[in-house]
Amino acid sequence: MNIEKAIRTKGVDEVTIVNILPNRSNEQRQDIAFTYQRRTKKELASALKSAFSGHRETAIWGLLKTPAQYEASELKASMKGLGTDEDSLIEIICSRTNQELQEINRVYKEIYKTDLEKDIISDTSDDFLKSSMVALWKGRRAEDGSVIDYELIDQDARDLYDAGVKRRGTDVSKWVSIMTEPSVCCLQKVLERYKNYSPYDMPESIKKEQDTKGDSQKALLYLCGRDD
Ligand SMILES: [Ca+2]
């Protein structure tokens, strides 16, 4: 195995390693790591860790992670230290399927020995953001492919309007539940339907409501499939 030889080479044959790993698919890299471990009884990640140092090590280690491990570490990094990098948090959590989130959750617990949900609650200061992230995190969103209930879609569209543009202030928890519970495909239908009730489409409505500014606004727009 070339990687094995490269690590054993005195001073580490960095060129070989750097040439091999980045040019493989994630699956192939997992295979390489598995084979390496079987042959040497050592973990490839830790072998590379001791072979490389600093910046290089981080880059190589990143390549060896599964997508879920990578995202779990991105989430951890987004909440580490002072403040939270809401952008990464929003992006990862809003754009993954329930199944992917469950896998990230499992891996997160394995690596950091704590629940991601607990970390989100303790590290996110914005209430809206907290409740929407946790709602999504719990995997409440319905999966695509379930039966489409047009009456419910119409009801949700009307409720969205009633809870926002129609009234003074915004019923934020109502918005959160309507935007995080239906499947992605149903939510798109709700947003289409919404235009029958509101003079503004949903992204415009979100921007007009005073209760949803900053990160909340960003998260809501993201949920609408708009990233601006
Ligand atoms: Ca309003």
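Mentor: Let's start with a word we will need often: a residue is buried under 20% relative accessible area, exposed over 50%, and partly exposed in between, using a 1.4 Å probe and protein chains only. This is a predicted model, in which local features need pLDDT of at least 70, side-chain atom pairs count only at pLDDT 80 or more, and totals for chains, interfaces and linings use all residues. Residues are numbered from 1 along each chain as its sequence is written, and side-chain values use heavy atoms, leaving out hydrogens and water.

Trainee: Thanks! Why is E209 called buried?

Mentor: E209 has a relative accessible area of 9%, and the limit for buried is under 20%, so the label fits.

Trainee: And what makes G169 partly exposed?

Mentor: The relative accessibility of G169 is 28%. That falls between the 20% and 50% limits, so G169 is partly exposed.

Trainee: Which atoms count as protein donors of the calcium ion?

Mentor: They are G164 (O), R167 (O), G169 (O) and, listed twice, E209 (OE). Donors are N, O and S atoms within 2.8 Å of the metal, or 3.2 Å for Na, K and Ca; water is not among the atoms, so sites may look incomplete. These donors lie 2.4 to 2.6 Å from the ion, so they meet the rule for Ca. Along the chain their spacing reads G-x2-R-x1-G-x39-E. G169, in the loop between α11 and α12, and E209, in the loop between α14 and α15, are 40 residues apart, and the pair links distant parts of the chain.

Trainee: How do you know what counts as a helix here, and how many are there?

Mentor: Helices (H or I, at least four residues) and strands (E, at least two) are DSSP runs, numbered from the N terminus. By that rule the chain has 15 helices and zero strands.

Trainee: In α13, which residues are buried?

Mentor: In α13 (residues 184–194) they are C186, L187, V190, L191 and Y194. They cover an arc of only 145° around the axis, which puts them on the same side of α13; the arc is that of the directions from the helix axis to the C-beta atoms. Their cover includes α11 (150–163), α12 (172–180), α14 (202–208) and α15 (214–223).

Trainee: Why is the aromatic pair of Y108 and Y112 called tilted?

Mentor: Rings of Phe, Tyr and Trp (its six-membered ring) pair if their centres lie within 6.5 Å; planes under 30 degrees apart count as stacked, over 60 as edge-to-face, and the rest as tilted. By this rule the count is one aromatic pair. The centres of Y108 and Y112 are 4.8 Å apart and their planes make 55°, so the pair is tilted. Both belong to α8 (residues 98–112), four residues apart, about one helical turn. Y108 is buried at 0% relative accessibility, while Y112 is partly exposed at 24%.

Trainee: What makes K76 a charge over the ring of Y112?

Mentor: A charge sits over a ring if NZ of Lys or CZ of Arg is within 6 Å of the ring centre and within 35 degrees of the ring normal. The charged end of K76 is 5.2 Å from the centre of Y112, and that of K208 is 4.4 Å from the centre of Y200.

Trainee: What does D119 touch?

Mentor: Contact means heavy atoms within 4.5 Å. Not counting residues up to four places away in sequence, D119 touches K76, M79, Y108 and T114. D119 lies in α9 and is buried at 12%.
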